[in-house]
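These are my notes from a session with one model, kept in the order in which I looked things up. I began with the ligand and then moved on to single residues.

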Amino acid sequence: MIYLNGEWMPIEQARIPVLDRGFIFGDGVYEVIPSYSGYPFRLREHLARLQSSLDAVRIVNPYSLERWDELVREVVAGNPWEDQYVYLQVTRGVAPRDHAFPKGAKPTVFMMANPLATPPRSQLEQGVAAVTVADNRWLRCDIKSTSLLANCLLRQAAMDAGAVESVLLRDGMLTEGSASNIFVVRNGVIITPPKTNFILPGITYDVVIELARANRLPLEIRQVSEAEVRDADELWLTSSTKEVLPISTLDGKPVGAGKPGPLAARMNQLYQDYKRTVMRAPAHARA
Ligand code: PMP
């Protein structure tokens, strides 16, 4: 069952008017929230990021935090999968086509869930291929906008090269992946770029940083140069659906030893343990 503007229905019955600004302009924002054994992961943080995205594009949040919380849990409860991810999107609504904001349009709210397939063991053990691509997106990559044409092109560039993700470089510096954040390991230190307008503030990025700190793993949050990316000992991509996934080749060349390194394995274990802890926590303590 999906949710559309206050109603629940099978996805086949869901319709939106062609003049929805989400369709015409990509004028909307979204979230992807993983849910494990019925528990939405870091829901509060996802809803806070949704609020930031809405504020950045000046769409008034149509629901309270409590209402969103309830709706996400209802979507999860209404679907059969043990692990799933909730996709939600809010657009500026339906109005005659004009770039300027319409007066009085009501935001469109759409939510659905899909089964969550985290990376298979083989990918975790062998790592995945990635390619570097010039980051040619706009300068507000911190907004989780549904205008994803640039990200689609960047991901397709990876696919065309037989890789699974593109590692984006802007002015000689690492930004992120087409749909992930990127971590570099050099000489035993985990390094990742800071949260700026050039990257999406990933929820998984935050979890990885928290876990590194809690376990006293050497960590630096700073700009990473292209040269540092190219001779890294390890590269990881992180996202809600890929979790912590090691990259074993970059532009066809081995990363480090050409197989996932020890810190990737360690962080993966920490991440899996953390997920389980959250699922066991009492409901009031779950975020
Ligand atoms: N950057 C981009 C461009 C993304 O699309 C995503 C995934 N939506 C991420 C980073 C990772 O964010 P999260 O950990 O919240 O999934």
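Before listing anything, I fixed the term I would need: I count a polar contact as a pair of N or O atoms within 3.5 Å. I also note here that the model is predicted.

**Entry 1: the ligand and its shell**

I first asked which residues come closest to the ligand. I found 17 residues surrounding the ligand, with Arg 49, Lys 144, Glu 176, Thr 204 and Ser 240 as the closest. I then went through the polar atom pairs, starting with Glu 176, where a polar side-chain atom lies 2.6 Å from a nitrogen atom of the ligand; because the cut-off for a polar contact is 3.5 Å, I log this pair as one. For Arg 49, I read 2.8 Å between an N or O atom of its side chain and an oxygen atom of the ligand. At Ile 203 the backbone takes part instead, with one of its N or O atoms placed 2.9 Å from an oxygen atom of the ligand. I next looked at how much of the ligand is covered, and the protein takes up 92% of the 390 Å² of accessible area that the ligand has on its own.

I sorted the shell by class and obtained three nonpolar, 10 polar and four charged residues. Which elements supply at least two residues of this shell? I wrote down β9 (173-177), α6 and β13 (234-239), each of which does so. As for the space taken by the ligand, I recorded it as the largest pocket.

**Entry 2: positive phi values**

I looked for residues other than glycine with a positive phi, and I kept two for the notebook, Asn 5 and Arg 216. Asn 5 has a phi near 50° and lies in the loop between β1 (2-4) and β2 (7-9). Its relative accessible area is 39%, so I class Asn 5 as partly exposed. Arg 216 has a phi near 55°, and I located it in the loop between α6 (203-214) and β12 (219-221). With a relative accessibility of 74%, Arg 216 goes down as exposed.

**Entry 3: Ser 180 and its partner**

I followed β9 to its end and stopped at Ser 180, which is found in the loop between β9 and β10 (181-186). Is Ser 180 buried or exposed? I have Ser 180 at 6% relative accessibility and therefore list it as buried, given that the limit for that class is under 20%. Its side chain makes a polar contact of 2.8 Å with the side chain of Glu 165.

**Entry 4: β14 and the loop after it**

I placed Ile 247 in strand β14, which spans residues 243-250. At 3% relative accessibility, Ile 247 counts as buried. I checked Ile 247 against Gln 126, 121 residues apart along the chain, and the C-alpha atoms of the two are separated by 8.5 Å. Asp 251 I found in the loop between β14 and β15 (253-254), and its relative accessible area of 28% makes it partly exposed. Paired with Val 167, Asp 251 is 84 residues apart in sequence and 9.7 Å apart in space, taken from C-alpha to C-alpha.

**Entry 5: two further distance checks**

I turned to Ala 77, which has its place in helix α3 (residues 65-77) and, at 67% relative accessibility, counts as exposed. I compared Ala 77 with Gly 38, 39 residues apart in sequence, and read 6.9 Å between their C-alpha atoms. My other check concerned Leu 148, which lies in the loop between β7 (128-134) and α5 (149-160) and is partly exposed at 29% relative accessibility. How far apart in space are Leu 148 and Leu 235, C-alpha to C-alpha? I noted 24 Å for this pair, whose members are 87 residues apart in sequence.

Notes:
Residues are numbered from 1 along each chain as its sequence is written. This is a predicted model: local features need pLDDT of at least 70, side-chain atom pairs count only at pLDDT 80 or more; totals for chains, interfaces and linings use all residues. Side-chain values use heavy atoms; hydrogens and water are left out. Helices (H or I, at least four residues) and strands (E, at least two) are DSSP runs, numbered from the N terminus. Buried means under 20% relative accessible area, exposed over 50%, partly exposed in between (1.4 Å probe, protein chains only). A residue is near a molecule or strand if one of its heavy atoms lies within 4 Å of it. A polar contact is a pair of N or O atoms within 3.5 Å; within protein, one must be able to donate a hydrogen and the other to accept it, and residues adjacent in sequence count only if both atoms are side-chain atoms. Accessible areas come from the Shrake-Rupley method with a 1.4 Å probe; for residues, only the protein chains shown count as cover. On a 1 Å grid over the protein atoms alone, a cavity is a set of points where a 1.4 Å probe fits but cannot get out, and a pocket is an open set with protein on both sides within 12 Å along at least five of seven lines; lining residues have an atom within 4 Å of a point. A molecule sits in a cavity or pocket if more than half of its atoms lie within 2 Å of its grid points. Ala, Val, Leu, Ile, Met, Phe, Trp, Tyr, Cys and Pro count as nonpolar, Asp, Glu, Lys and Arg as charged, and the others, Gly among them, as polar.
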